[in-house]
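The following account traces how the strands of a predicted model are paired and then turns to a single loop residue. The reader is invited to follow it with the sequence and the coordinates at hand.

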Amino acid sequence: KSFDKIFSNTKNYLKKKGHFIFSHRTDLWDKQNFDEVLRSLKLDFKINYISRPYNYLPLNNDFKNKIKIRLVLLEKY
């Protein structure tokens with residue numbers, strides 16, 4: 001629910017211009033207002049890439065097209 005710790009820890013481990021790549025489910029992205037979460041990181045990270053939604057587990061019959069993810073690439077300033 002709070003992303004402060006993960007992004008703070010990530011910032012501490014990365015060197016300047018280091019990259020952090022992660023995925024996040026689109027249903028949670030919307031629910032958590034994740035665009036705003038990413039905007040709040042603008043002093044520490046540059047958002048290099050946010051993907052279109054991709055199928056999370058396309059070969060899994062339970063999930064197929066139900067859950068999607070976005071890939072994000074951040075770069076530490």
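Two strands are taken to pair if DSSP finds at least two bridges between them. By this criterion, strand E3, which covers residues 54-55, is joined to E4 by two bridges, and the two run antiparallel. Within E4, lysine 68 is the bridge partner of asparagine 55.

Strand E4, spanning residues 68-76, also pairs with strand E1, residues 19-25, in the antiparallel sense, here over seven bridges. Arginine 25 has isoleucine 69 of E4 as its bridge partner. A further antiparallel pairing, over five bridges, links E4 to strand E2, residues 45-50; in this case glutamate 75 of E4 is the bridge partner of lysine 46. E4 is thus a point of reference for E1, for E2 and for E3.

The loop between E2 and E3 contains serine 51. Is serine 51 buried or exposed? Its relative accessible area is 1%, and serine 51 is therefore buried, the cut-off for that class being under 20%.

The surroundings of serine 51 lead back to E4. When residues up to four places away in sequence are not counted, serine 51 touches Ile69, Arg70 and Leu71. One of these, leucine 71, offers its backbone nitrogen to the side chain of serine 51 at 2.7 Å. Another, isoleucine 69, is the residue already met as the bridge partner of arginine 25.

Notes: Residues numbered from 1 in each chain as written. Predicted model: local features only at pLDDT ≥ 70, side-chain atom pairs only at ≥ 80, totals over all residues. Heavy atoms only, no water. Helix = DSSP H or I, 4+ residues; strand = E, 2+ residues; numbered from the N terminus. Buried < 20%, exposed > 50% of the residue type's maximum accessible area, 1.4 Å probe, protein only. Polar contact = N/O pair within 3.5 Å; in protein donor to acceptor, adjacent residues only side chain to side chain. Contact = heavy atoms within 4.5 Å.
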